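Here are a few short exercises to work through with the model open beside you. Try each task yourself before reading its solution.

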Amino acid sequence: MVATTRRVHCSVAQVCRVLEDGWLYPSWVVGATRMRGVDDTWPLPGSELHHTVGVWPLVLDDTTRSVEWDPPHRMRLIARGWPFGEANVTIRLRAQADGCLVRIDEEPRSGPATLIPRFLTAPILRARNTEALRRLAYIAEGRAISRNRKENDMDTDIHRNDISTEPSPTAEDHDNLGTEDNKGNPPTVPPTTTKEDDDDSESTVRAEQPHQD
C-alpha cells in the first residue's frame, strides 16, 4: 500500500463537498479525462462514476465504485483502469486547527498491476496521488474562499438594505420639527402693531371721549 498525505487549508466538510460531487472527479483525479455519468446515489456504497481515462485519442471508458462513504472520516473506492487493473483507494480525512489532513492509500487489487514489483509501482502511485491531492486541495480551498466571500457580500448587502429602508422624514415631520414642547402645535407669534395702527387707535379713543363745552 502507498500512502500520500497533504494538509488542506479548509474544513473537512468542504473537502467532503468536493468528494461527493462526482462530476468533479476528472478535475482532481490524475488520468481521468472526462465524466460520462454519475449515479444518482453517489457517493453511497454501490454507486458508480462512469468516466474515461487516458489521453485523447487513446482513451478507455471505465468506472469507479464507492465501497464506503463515512463523512467526515473516510471514503473507500474501487478504481478501475484497465488494462492496468483495479485498485483499492481509501481517502481519509482528519480535522486540524488550521484546516484538515487528507490522506490517500492506494493498493493494486487485480490485473497486471499486481504483478509489477512494489518498488516500481510505489513511486508512480505516490507521484500521481501527490498531484491528485494538490488538485483536490486547490478545488476545496478555492470553493471555501469563494463561499466566504459570497457570505461576506450578503452580510454587507443586508446591512446596506437595513440602512436604506429607514423611513425618510415626511412633510408633516418637517413641519413639526422643534415643536415637541408644544405637543406638536406650531409656536404662536404675538401680533405686532405698526405706527399707523397706533394712530388709528388714538383717533378712536379721542372720538369716544364726550365733548365738553
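**Exercise 1.** In this predicted model, find which residues Thr-64 touches, not counting residues up to four places away in sequence, and decide whether Thr-64 is buried or exposed.

*Solution.*
1. Start with the neighbours: Thr-64 touches Tyr-25, Trp-42, Ser-47, Glu-48, Leu-49, His-51, Leu-77, Ile-78, Ala-79 and Arg-80, once residues up to four places away in sequence are left out.
2. Place the residue: Thr-64 belongs to strand 4, which covers residues 58-70.
3. Look for a polar partner among those neighbours: the side chains of Thr-64 and Tyr-25 make a polar contact at 3.0 Å.
4. Now the accessibility: the relative accessible area of Thr-64 is 0%, and the cut-off for buried is under 20%, so Thr-64 is buried.

**Exercise 2.** Now treat Arg-76 likewise: work out whether it is buried, partly exposed or exposed, and which side chain makes a polar contact with its own.

*Solution.*
1. Arg-76 lies in strand 5.
2. Its relative accessible area is 35%; partly exposed covers the range between 20% and 50%, so Arg-76 is partly exposed.
3. Leaving aside neighbours within four places in sequence, Arg-76 is in contact with Arg-65, Ser-66, Val-67, Glu-68, Val-89 and Thr-90.
4. One of these, Glu-68, offers the polar partner: the two side chains make a polar contact at 2.8 Å.

**Exercise 3.** Describe the largest nonpolar core: how many residues does it have, and which have the most contacts inside it?

*Solution.*
1. The core has 34 residues, and those with the most contacts inside it are Val-15, Leu-19, Trp-28, Ile-91, Leu-93, Val-102 and Leu-136.
2. Elements that each supply at least two residues include helix 1 (12-19), strand 5 (74-80) and helix 3 (118-164).
3. Helix 3 gives the most, with seven residues.
4. Zoom in on Leu-19: beyond four places in sequence, Leu-19 touches Trp-28, Trp-42, Trp-69, Met-75, Ile-91, Leu-93 and Leu-136.
5. For background, nonpolar side chains tend to be buried together in soluble globular proteins.

**Exercise 4.** Trace the pairing of strand 7: in which sense does it pair with strand 6, and over how many bridges?

*Solution.*
1. Strand 6 and strand 7 pair in the antiparallel sense over 11 bridges.
2. These two strands form a hairpin, with two residues between them.
3. As a check on the register, the bridge partner of Arg-92 in strand 7 is Arg-103.
4. Strand 7 also runs antiparallel to strand 1 (residues 2-8), joined by seven bridges.
5. There, Val-8 stands opposite Cys-100.

Key:
Residues numbered from 1 in each chain as written. Predicted model: local features only at pLDDT ≥ 70, side-chain atom pairs only at ≥ 80, totals over all residues. Heavy atoms only, no water. Helix = DSSP H or I, 4+ residues; strand = E, 2+ residues; numbered from the N terminus. Buried < 20%, exposed > 50% of the residue type's maximum accessible area, 1.4 Å probe, protein only. Polar contact = N/O pair within 3.5 Å; in protein donor to acceptor, adjacent residues only side chain to side chain. Contact = heavy atoms within 4.5 Å. Core = buried A, V, L, I, M, F, W, Y, C linked by side-chain atoms within 4.5 Å. Pairing = 2+ DSSP bridges.
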